Amino acid sequence: MTMETIKLTIDNKQVEVPKGTTIYKAAKKLGIDIPVLCYMDLHDLGVENKPAGCRVCVVEVEGRRNLAPSCATECAEGMVVKTHTTRVINARRTVMELILSDHPKDCLTCPKSGRCDLQNMAVKLGIREIPGQEYAEMSTYKKDFSPSIIRDVDKCIMCRRCETMCNTVQTVGALSAVNRGFMAVVAPAFEQDLEKSPCTYCGQCVAVCPTGALTEVDHTTKVIRAIADPTKTVLVQTAPAVRAALGEEFGMKPGTLVTGKMVAALRQIGFDYVFDTDFAADLTIMEEGTELLDRLTRFLNGDKSVKLPILTSCCPGWVNFFEHNFTDMLDVPSSAKSPQQMFGAIAKSYFADKLGKKREELVVVSVMPCLAKKYECQRDEFKHDGNPDVDFSISTRELAHLIKEFNINFEDLPDEDFDRPLGESTGAGVIFGATGGVIEAAVRTAYELYTVKPLPKIDFTELRGMEGIRSATIDFNGLPINIGIAHGLGNARKLLEDVRSGKANYHAIEVMACPGGCIGGGGQPLHHGNSAIIKARMEAIYREDAGKPIRKSHENPYIVKLYEEFLGKPMSEKAHHLLHTHYFSKKKDIYIK
Amino acid sequence: MSHIKLELKPEQVAKIKEICKSFNNDPGELINVLHKTQETFGYLPAEVQEVVAAELNISVAKVYGVVTFYSFFTMIPKGKHPISICTGTACYVRGAEKVLDEFKRILDVKVGETTPDGKFSLNCLRCVGACGLAPVVLIGEKVYGRVSPDGVKDILKEYEEQ
């Protein structure tokens with residue numbers, strides 16, 4: 001069957017496109033890049049944000065009285081379109097001037113400065129003055145500070161990209177457009193603070209916000225102060241996904257691995273110990289893998305009380321999501337803490353003992369691709385007499401700022417190695433950064449512990465990929481293990497609803513809140529919805545894994561030593577105390593049943 | 001942990017559920033559900049919106065977005081005596097704004113608000129078709145014509161005992 005096509009003319013060039021194509025996309029086919037502001041195309045997720053709200057993308061269509069927003073207007077047969085007539089350019093300028101007339105002018109100190117789509121558009125369209133300001137007041141709103149995200153909605157331009165992310169992609173439903181006209185803004189229900197909404201702090205709204213309306217809580221100043229304090233020993237841990245994306249902030253190609261340079265930079269900044277969250281990822285596999293086998297064995301022995309599937313619990317956005325939405329299933333996820341928190345717990349006990357220091361003398365900083373990690377490390381259950389296991393979590397973007405602020409020439413740094421003992425990791429720890437990686441790492445260890453045989457092959461390619469929901473069956477020497485994988489909270493919701501209704505039958509499920517897994521996290525260099533960047537980062541992660549001499553968590557010699565010297569064995573009483581947690585319902589009792 | 005117990009009576013919750021059900025709990029019927037709910041309760045407080053959201057399986061933020069977009073919907077209960085001041089052209093040029101200011105001053109509320117005792121709510125409307133009597137004020141069903149700022153106090157006095 002041939003698809004119905006349409007022929008039209010754009011800027012005197014002929015083009016043929018499938019029926020239903022917008023003028024914007026048809027122009028793109030001709031290499032004409034019509035400027036857009038509110039528009040966002042998340043092609044691989046099948047999601048397009050085109051509220052036609054900003055009107056920057058307007059074009060002239062012959063025979064039509066008004067200018068048409070090209071992002072939302074479908075092509076018609078014989079259409080004649082002009083994308084840069086004087087009328088179009090004047091209209092775009094007027095639109096920008098109107099948007100800017102109700103936008104704060106603090107670009108010099110705005111956290112988005114230099115990466116702001118609105119600023120870039122003002123530059124592109126040559127805006128030199130903003131007329132009419134003396135006649136009108138600006139709309140002002142209260143700033144909203146949550147543990148992870150700051151909402152400064154004075155800077156909201158109503159593009160509604162965040163709303164698309166929060167509702168369509170993540171199905172979180174924390175944000176909606178509210179009010180109308182001049183007072184219109186994107187906000188949680190009843191314009192309450194984000195903290196009182198079902199927000200998971202996944203940070204995908206921040207990742208797509210074109211302006212400074214949504215930004216992360218910045219902890220870099222606190223980190224600099226801790227480093228400068230002579231009474232403190234400052235440890236840093238870096239998550240697997242950071243090394244696969246940090247280079248982009250320094251103009252390197254997406255997918256460039258900068259592990260060695262990152263370690264060197266952190267040492268130059270002045271951290272006393274540069275460790276790796278990957279070490280704790282290996283530890284997570286020991287605990288979570290053992291828990292999986294324990295539940296599985298009990299289940300196979302006819303224990304009806306055992307809960308399967310086991311759900312991974314390393315992703316704090318995902319944890320927040322099920323604490324809000326799946327409160328009837330709080331005993332299903334693994335009780336294992338996330339690698340960030342396992343690292344903190346071991347650093348402030350085992351490693352503090354080795355240094356002969358008290359936990360209060362240690363400051364643990366984490367570098368994460370994630371904004372929910374900022375919230376996670378502040379949770380009460382991860383504190384000991386008020387002292388948190390992880391003191392500050394900064395994002396990949398914040399680390400890049402820090403490196404620039406310290407005037408380090410990142411590109412020219414030599415490769416350096418992590419410190420021992422908490423810096424040694426395996427390939428299994430590295431792949432935590434990509435969707436499917438945690439469960440692959442778990443399978444590598446669980447298989448060998450269960451069958452007591454070496455794996456015939458280490459790479460489980462059937463668990464990899466970008467498909468939103470995936471499943472595979474792994475043969476544990478005659479015992480088929482059904483694995484489910486979801487990334488993006490909307491996909492997680494679908495998968496979990498199937499589990500709840502009994503439609504899906506899995507032994508283990510991995511969930512990551514962000515599309516692509518941590519490599520696409522809300523704290524990563526902004527990818528503007530370009531999935532080619534996510535894929536490049538994913539390849540980098542698997543490249544790092546393939547190049548590691550040890551690729552199974554249980555073979556990490558420092559993990560073996562940690563159990564021998566300190567923890568005993570996985571799920572021992574001490575391990576339980578330090579490395580496991582429990583979950584709380586965050587659902588509001590909305591009405592009397 | 002924010003465990004908020006909201007104080008809707010069970011029969012009120014049942015009523016909202018019934019309304020939602022009459023529209024098959026279809027999220028596409030949100031506006032109709034809100035119309036019917038407001039008709040029943042007089043206004044749409046947060047608690048009511050939460051029940052509607054849960055029944056239609058949509059986010060509360062979305063419901064609140066719709067409630068705040070359409071001026072017909074209100075989250076503030078109307079007073080026992082709703083005051084409407086005409087600010088249409090004729091009334092406006094004959095001093096409606098000064099009359100409105102006097103109501104605001106005496107009652108200490110803004111347009112769209114209700115006095116804390118629930119007695120009066122203050123709103124504006126455009127033309128009641130009695131331009132010959134401008135400026136016009138409506139309280140409940142009663143029409144007051146040629147109202148001057150000085151007369152506002154006397155008008156309100158009529159409702160003191162009620």
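Biologist: What makes the contact between the side chains of A:Lys552 and A:Glu555 a salt bridge?

Modeller: In this predicted model, the side chains of A:Lys552 and A:Glu555 come to 3.6 Å, N to O, and because a salt bridge requires a side-chain nitrogen of Lys or Arg within 4 Å of a carboxyl oxygen of Asp or Glu, the pair meets the definition.

Biologist: Why is A:Lys552 called buried, and why is A:Glu555 called partly exposed?

Modeller: Buried means under 20% relative accessible area, and partly exposed lies between that value and 50%; A:Lys552 has 10% and therefore counts as buried, whereas A:Glu555 has 36% and is therefore partly exposed.

Biologist: How do you know that A:Arg243 and A:Asp278 form a salt bridge, and where in the chain do the two residues lie?

Modeller: The closest N and O atoms of A:Arg243 and A:Asp278 are 3.1 Å apart, which satisfies the limit of within 4 Å. The pair links distant parts of the chain, 35 residues apart, with A:Arg243 in the loop between β13 (233–238) and α7 (259–269) of chain A and A:Asp278 in helix α8 (residues 277–300) of chain A. A:Arg243 has 0% relative accessibility and so counts as buried, and A:Asp278 is likewise buried, because its relative accessible area is 0%.

Biologist: What makes A:Glu565 and A:Lys354 a salt bridge, and are these residues buried, partly exposed or exposed?

Modeller: Their closest N and O atoms are 3.1 Å apart, again within 4 Å. This pair also links distant parts of the chain, since A:Glu565 belongs to helix α17 (residues 557–567) of chain A and A:Lys354 to helix α10 (residues 339–355) of chain A, 211 residues apart. A:Glu565, at 43%, is partly exposed, and A:Lys354, at 44%, is partly exposed.

Biologist: How many salt bridges does a search of the whole structure find, and which residues are linked in a network?

Modeller: The search finds 50 over all chains, and a network of salt bridges links A:Glu440, A:Arg444, A:Asp459, A:Arg464, A:Asp545 and A:Arg551.

Biologist: Why are β14 and β19 of chain A said to stand at the edges of their sheet?

Modeller: The open sheet has four strands in the order β14-β13-β16-β19 (chain A), with parallel pairing. β14 (273–276) and β19 (392–395) of chain A each have a single partner strand, so one side of each is left without a neighbour in the sheet. From one strand to the next, the twist averages 25 degrees.

Biologist: How do you know that β13(A) pairs with β16(A), and which helices pack on the sheet?

Modeller: Two strands pair if there are at least two bridges between them, and six bridges join β13(A) to strand β16 (residues 362–368) of chain A, which run parallel. One of the bridge partnerships is that of A:Gln237 with A:Ser366 in β16(A). Helix α8(A) packs on the sheet, where it touches β13, β14 and β16 of chain A, and its direction makes about 40 degrees with that of β14(A). Helix α10(A) packs on the sheet as well, touching β13, β14, β16 and β19 of chain A, and its direction makes about 150 degrees with that of β16(A).

Biologist: In chain B, what describes the packing of helix α2 against helix α3, and which residues meet there?

Modeller: Helix α2 (residues 30–41) of chain B and helix α3 (residues 46–56) of chain B pack at about 140 degrees, with their axes 11 Å apart, and the crossing is right-handed. B:Leu30, B:Val33, B:Leu34 and B:Thr37 in α2(B) meet B:Val48, B:Val52 and B:Leu56 in α3(B), a contact with six nonpolar, one polar and no charged residues.

Key. Residues numbered from 1 in each chain as written. Chains lettered and ligands numbered in written order. Predicted model: local features only at pLDDT ≥ 70, side-chain atom pairs only at ≥ 80, totals over all residues. Heavy atoms only, no water. Buried < 20%, exposed > 50% of the residue type's maximum accessible area, 1.4 Å probe, protein only. Axes fitted to C-alpha atoms, helices over the stretch in contact; angles between N-to-C directions. Left-handed = near helix turned anticlockwise from the far one by under 90°. Contact = heavy atoms within 4.5 Å. Nonpolar A, V, L, I, M, F, W, Y, C, P; charged D, E, K, R; others polar.
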